[in-house]
Amino acid sequence: MRGAGSRGRPAPRSATSSRSQPAPRAVLEPDFTDAGDGTWKTTVKVVLRPAARGGDIQAVSAGRIAVSPMNGDWNTGPADQAVTSALIAGLRP
């Protein structure tokens, strides 16, 4: 995988089998405070969470192409992960 990627970014270093990670890395966390006059003050802050180990966000953050196996009922298991890993291993840069 040589050359520059899209928009001048570096090309991915490799591909890796990953799990689809539905939960976002950043989550909004509300906070409610009683203002004392019958009303409430609301604030919202962003809470960053680390990417799940073996997830697609972790792979992309490491400069890799994330390949997550999927099937008709979204219920992939270790066998699907192994097949995907074997197929990726056969790719040549």
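Here's a short chat about a salt bridge, one threonine and a nonpolar patch in a predicted model.

The model is predicted, so local features need pLDDT of at least 70 and side-chain atom pairs pLDDT 80 or more, while totals for chains, interfaces and linings use all residues. Numbering runs from 1 along each chain as its sequence is written, and side-chain values use heavy atoms, with hydrogens and water left out.

Student: Which residue forms a salt bridge with Glu29?

Tutor: A salt bridge here is a side-chain nitrogen of Lys or Arg within 4 Å of a carboxyl oxygen of Asp or Glu. The structure holds one. It links strand β2 (residues 26-34) to strand β3 (residues 40-48), strands being DSSP E runs of at least two residues, numbered from the N terminus. With the closest N and O atoms 3.8 Å apart, the partner of Glu29 is Lys45.

Student: Is Thr33 buried, partly exposed or exposed?

Tutor: Thr33 is found in strand β2. Buried means under 20% relative accessible area and exposed over 50%, with partly exposed in between (1.4 Å probe, protein chains only). Because its relative accessibility is 39%, Thr33 counts as partly exposed.

Student: Which strand gives the most to the nonpolar patch?

Tutor: Patch residues have over 30% relative accessible area and no salt bridge, with nonpolar side chains (Val, Leu, Ile, Met, Phe, Trp, Tyr) joined within 5 Å and like charges within 9 Å. Leu28, Val44, Val46 and Leu48 form this one, with about 440 Å² of accessible area together (Shrake-Rupley, 1.4 Å probe, only the protein chains shown counting as cover). Giving three residues, the top contributor is β3.

Conventions: Helix = DSSP H or I, 4+ residues; strand = E, 2+ residues; numbered from the N terminus.
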